[in-house]
Amino acid sequence: MEQTAEKRKLHYAWVIAAVGFIFYWFTICIISNCVGMFVTPVSGGLGISRSQFSLTTTFTSVGSMVMSYLSGRLFKRYSIRRVLLVLSITTPLAYGCYSIAPNIYCFYIIGFICGMGMTGMATVGVSALISNWFNEKRGTAIAIAATGSGVGGVFLNPFIAKLITELGWRQTYFILAVMMALTLIPCALLLVRDRPADRGLEPYGGAIQAGTDVQSSGLTLAQARKSPSFWMLVPVCAITSGTCVCIMQHTTAYATDLGNSYTAAAMVASMVTASLAAGKLIMGVVFDKIGSRRACTFSLSVFLVGLVLYSLAEVHMTLLYVAAAIFGLGLSFATVAYSVVVQDLFGKKDFPAIYGSLIVFASLGSALGSPIIAAVYDALGSYRLAWLGLAALMATNLVLINLAFAKKEQAPVS
C-alpha cells in the first residue's frame, strides 16, 4: 500500500484540520469568546442593562441547539462542503447586522442566527470533516482545530478593544464581519472536501480493516438512542459544557470578590484561557496515546480537582492560580472529547446526526449554566457552594463516562 508514502508527505487531512482551526477562530472565537468585549459599549450605546445584553448569549445558545438538531439531516441531504459554503456566506452577513441593529431585540435575532452558523461550521461541521478524514490521530486533529478559538482570542481581544476605542462598536462589528467573510468563504470554497475519496486518498491512518467500509460502519441515530451509552453521554455533555461556561464567565467576578483588583482578576481569566489553549493540544495527544476511556477519566478528574481548588481559594489565594493553570485539561473535554468519544462508541455511519443530537444537550447546559450559578451567588453572596456543587456533578460525570464505555458492547456496531 501507499499509506507509508502518504505519511511521509503532508496528508491532505492535515489541511482539513488547519481549515478547522480557521473555522473555530473566525466563528466561535468572534461570535462567542469575544462577546465580552462588547458588553459595556453596546449596553451604553443602546441604553440597556448588561443583563439585557447578556441575553444575546442565550439566544446564540438556542440557535446552536437548533442547528445541532438539524445538522444530521442537513449533512445527510447535502454535502458538508455545500452546507459550509452557505454558512460561510450567511454567518458573516448576519454578524455584520450587529453594526446596524437599532435595538436589543434585533441583537437577539442576530445572535440566534450566528449561533446556528458557528455550530454548523465549527462544532458539528469540523467534527464531521475530521471524522471522515482521520482514522488515526483524531484527537490531535480535533484539538488543532479547536485551538483556533483560543489562539484567536489572544489576538482578537486586544484588536477588538483598539477598534472599539478608535472607531466605536458598530464599525467594529462591521470590520469583524468582513474579516469573517474574507477567511471563511475561500476556505469553504477552495479547501474543504467531504472525504478523502474526493481527492483520491484514503483517510489518514488508512483503512482500519481490509474489506471494511469504515464510513458506513457503526450505528444510526435511531440505534444510538436505544443504547444506554447515548443516554449516559447526555448529562455528561450538558454538565461539562455548562460548567465550562460558568468558569469562563464568572472567573473574573469570583477573583474580584476574593479581593483581587480588576486587572489581577483579568489576569486569572487570561490564565484560564491560555490553559485551555494548551489543554486542547495536550488532551488531543493524550486521547490518541492512551485511548478515549482513560483520557476522559483523566480530563474529568483534573476538572474535578480544579473546581475543588476554586472553592478553597477563599482559604488561600494561591489555589485560585493553581486551578486556573490546570483548568485547560478539563475545559478541553468539551471540544476534544465529544467528537472522539461519539465516533469510538457509535462509529461513523451516522456521526453528524448522533454528534449533533448530543451537542443539543451540551448547548442546553451552556445556556443554563451561567444563569444558575449567578442565581446561587445572588442567593448566598458567594460562589463557593456553586463550585462545590459543580465538583459533585463532575464526579457524577466520571461515573457516567466510564459506564458509557462499559456498556458499549450492548450497542453492537453493524
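**Salt bridges, burial and core**

Author: Asp-350 and Lys-76 form a salt bridge, with their closest N and O atoms 3.5 Å apart. The pair links distant parts of the chain, 274 residues apart: Asp-350 sits in the loop between helix 14 and helix 15, Lys-76 in helix 4 (residues 50-77). This is a predicted model: local features need pLDDT of at least 70, side-chain atom pairs count only at pLDDT 80 or more, and totals for chains, interfaces and linings use all residues. Residues are numbered from 1 along each chain as its sequence is written, and side-chain values use heavy atoms, without hydrogens and water.

Reader: Why is the pair Asp-350 and Lys-76 called a salt bridge?

Author: The rule asks for a side-chain nitrogen of Lys or Arg within 4 Å of a carboxyl oxygen of Asp or Glu. The closest N and O atoms here are 3.5 Å apart, so the pair qualifies.

Reader: How many salt bridges does this rule give?

Author: The count is three. Arg-138 and Asp-344 make one of them, at 2.6 Å between the closest N and O atoms. Arg-138 lies in helix 7 (residues 138-167) and Asp-344 in helix 14, so this pair ties together parts 206 residues apart in sequence. Lys-162 and Glu-166 also meet in a salt bridge, at 2.7 Å from N to O.

Reader: What separates Lys-162 and Glu-166 in helix 7?

Author: About one helical turn, because they are four residues apart in that helix. Helices here are DSSP runs of H or I with at least four residues, strands are E runs with at least two, and both are numbered from the N terminus.

Reader: What makes Asp-350 count as buried or exposed?

Author: Its relative accessible area is 6%. Buried means under 20%, exposed over 50%, and partly exposed lies in between (1.4 Å probe, protein chains only). Therefore Asp-350 is buried. Its partner Lys-76 has 63%, so Lys-76 is exposed.

Reader: Where do Arg-138 and Asp-344 fall on that scale?

Author: Arg-138 has 14%, so Arg-138 is buried. Asp-344 has 23% and counts as partly exposed. In the third pair, Lys-162 is partly exposed at 49%, while Glu-166 is exposed at 53%.

Reader: Which residues does Asp-350 touch?

Author: Lys-76, Leu-219, Thr-220 and Leu-221, not counting residues up to four places away in sequence. A contact means heavy atoms within 4.5 Å.

Reader: How do you know which residues touch the most other members of the largest nonpolar core?

Author: Start with the rule. A nonpolar core is a set of buried Ala, Val, Leu, Ile, Met, Phe, Trp, Tyr and Cys residues joined through side-chain atoms within 4.5 Å. The largest one has 131 residues, and Phe-23, Phe-38, Tyr-95, Phe-107 and Tyr-310 touch the most other members. Helix 6 (residues 104-133) gives the most to this core, with 15 residues. Beyond four places in sequence, Phe-38 touches nine residues by name, including Phe-53, Tyr-95, Ile-160, Trp-169 and Leu-176.

Reader: What is the general tendency of nonpolar side chains?

Author: In soluble globular proteins they tend to be buried together.

Reader: How do you know whether the radius of gyration agrees with a compact globule?

Author: The radius is taken over C-alpha atoms, and the globule rule is 2.2 Å times the number of residues to the power 0.38. With 414 residues, that gives a value near 22 Å; the protein has 21 Å, which agrees. The C-alpha trace spans about 60 × 45 × 40 Å along its principal axes. Of the residues, 53% count as buried. The protein has 16 helices and zero strands.

Reader: What makes Lys-137 stand out in its phi?

Author: Lys-137 is not a glycine, yet its phi is positive, about 60°. Most residues other than glycine have a negative phi. Lys-137 lies in the loop between helix 6 and helix 7. At 34%, Lys-137 counts as partly exposed.

Reader: How confident is the predictor?

Author: pLDDT is its confidence in each residue, from 0 to 100. The protein averages 87, and 94% of the residues score at least 70. Over residues 1-7 pLDDT stays under 50; the model has 12 contacts for them beyond four places in sequence.
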